[in-house]
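Me: Could you walk me through this structure one question at a time? I am new to reading models like this.

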Amino acid sequence: MTEQKNTMDIKSMTLEELQSHLVALGEKAFRAKQIYQWMHEKLAAGYEDMSNLSKDLRDKLQKENTFMKLNIVQVQESAIDGTRKYLFELPDGNVVESVWMKYHHGNSVCISSQVGCRMGCRFCASTLDGLERNLLPSEMLEQIYSIIRHTGERVSNIVVMGTGEPMDNYDNLIRFLRLISDDKGQNISQRNITVSTCGIVPNMRRLAEEKLQITLALSLHATTDEKRKQLMPIANKYSLKEVIDACKFYFEKTGRRITFEYSLVAGVNDTKEDANELVDLIRGMNCHVNLIPVNPIKERDYKQSNKEQIGQFKARIEKSGISATVRREMGRDIDGACGQLRRKHINKQC
Ligand code: SAH
């Protein structure tokens with residue numbers, strides 16, 4: 001895996017770092033505020049847009065600092081609900097995908113946190129080719145910025161549920177979260193940001209101490225260690241008890257309700273017993289269950305539970321007083337499971 005450096009990547013810098021950087025370049029510190037505003041609030045497409053900077057300074061920045069930009073390779077728009085899937089090319093030629101969804105409460109963007117993934121969850125397309133590299137904070141930001149520029153619409157919600165395991169790219173993720181929610185930038189409320197993890201316990205505990213108000217979603221998918229191990233290799237490393245304890249700790253520290261994601265796979269984890277065990281496992285927690293009918297990928301033989309089974313599973317959870325929703329399938333006509341647009345693109349080139 002090749003690791004990219006943060007250092008001269010101007011869009012990954014905090015305002016304070018940018019100030020020190022400009023002073024080091026022999027410039028006045030107040031320039032940092034202007035540049036930061038151009039990048040994160042006005043979403044400038046390049047240094048050339050920064051009209052209140054001298055040509056000299058713009059040239060200097062051009063020489064010293066990478067200005068992160070992504071190329072839009074492809075946009076697929078759903079005829080059903082207007083959902084758009086974006087395929088972006090990164091400066092090194094890798095591609096990642098992001099999804100733009102319109103809801104009545106505002107627009108939501110689902111971003112990728114890594115190129116590929118090394119977690120190996122059995123039903124997931126994003127992990128089939130392993131991990132290529134981590135994304136920089138600027139590369140996570142720019143997925144959202146590019147979409148705002150392209151749609152001309154505001155974004156109010158962010159989910160880090162695209163390709164990659166955010167807790168496996170921890171430092172860059174935290175930096176990204178602080179930058180996207182900064183009131184001098186896009187000022188997206190942390191309460192409208194959800195980070196989904198397969199359950200890397202030490203980093204879930206670290207996240208709890210970051211004093212962020214984001215929602216943590218845990219990919220649970222099974223109610224016993226044995227079954228979870230069959231679906232998610234990470235379960236060999238951390239037991240269900242450790243993962244659930246980390247969720248409780250997150251709630252204690254942040255007061256934020258946990259979301260449990262549970263992908264329903266026909267005949268694997270969708271029975272009455274599974275639902276009852278799920279209730280026993282999370283009873284008493286301040287939480288919400290998000291049921292995801294598994295999105296079949298051609299490389300594996302997993303099938304969706306039928307509507308009736310899904311309805312019964314949801315009803316059992318709700319009967320115990322725990323709130324549950326079934327994830328609405330957005331953009332069904334442009335779909336393929338997460339990560340498939342990227343794979344299609346890569347395979348076409350090989
Ligand atoms: N690495 C993070 C984000 C992954 S994607 C995580 O593991 O949480 C977000 C959610 O979609 C996760 O719960 C993931 O397990 C689930 N998912 C991935 N592929 C899926 C598929 N084909 N069908 C249903 N859910 C899937």
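Me: Into which domains is the protein divided?
Reply: Happy to help, and keep in mind that this is a predicted model. The protein splits into two parts along its chain: domain 1 (10-64) and domain 2 (71-349).

Me: What distance separates the centres of domain 1 and domain 2?
Reply: The centres are taken over C-alpha atoms. Although domain 1 and domain 2 have separate centres, they are in contact, with 13 residues from domain 1 and 14 residues from domain 2 taking part. From centre to centre, the separation is 33 Å.

Me: Which three residues supply 47% of the area that domain 1 buries against domain 2?
Reply: Let's begin with the whole interface: the two domains bury about 1200 Å² between them, and 52% of that is on carbon and sulfur atoms. On the side of domain 1, one trio supplies more of the buried area than any other three residues. Those residues are Lys11, Ser12 and Leu43.

Me: Now for the ligand. Which residues around the ligand come nearest?
Reply: There are 16 residues around the ligand. They divide into seven nonpolar, seven polar and two charged. The ones that come nearest are Glu165, Ser196, Ser219, His221 and Asn295.

Me: How much of the ligand's accessible area does the protein cover?
Reply: Look at some polar pairs to begin with: a ligand nitrogen is 2.9 Å from a side-chain N or O atom of Ser263, and a ligand nitrogen lies 2.8 Å from a backbone N or O atom of Asn295. On its own, the ligand has 540 Å² of accessible area. The share covered by the protein is 95%.

Me: Which elements give two or more residues to the shell around the ligand?
Reply: Here we look for elements that contribute at least a pair of residues to the shell. Two strands do so: strand S8 (193-197) and strand S10 (258-264).

Definitions and conventions:
Residues are numbered from 1 along each chain as its sequence is written. This is a predicted model: local features need pLDDT of at least 70, side-chain atom pairs count only at pLDDT 80 or more; totals for chains, interfaces and linings use all residues. Side-chain values use heavy atoms; hydrogens and water are left out. A residue is near a molecule or strand if one of its heavy atoms lies within 4 Å of it. A polar contact is a pair of N or O atoms within 3.5 Å; within protein, one must be able to donate a hydrogen and the other to accept it, and residues adjacent in sequence count only if both atoms are side-chain atoms. Accessible areas come from the Shrake-Rupley method with a 1.4 Å probe; for residues, only the protein chains shown count as cover. Helices (H or I, at least four residues) and strands (E, at least two) are DSSP runs, numbered from the N terminus. Ala, Val, Leu, Ile, Met, Phe, Trp, Tyr, Cys and Pro count as nonpolar, Asp, Glu, Lys and Arg as charged, and the others, Gly among them, as polar. Domain bounds come from an automatic or database domain assignment. Contact means heavy atoms within 4.5 Å. Buried area is the accessible area (1.4 Å probe) that two parts lose on being put together, summed over both.
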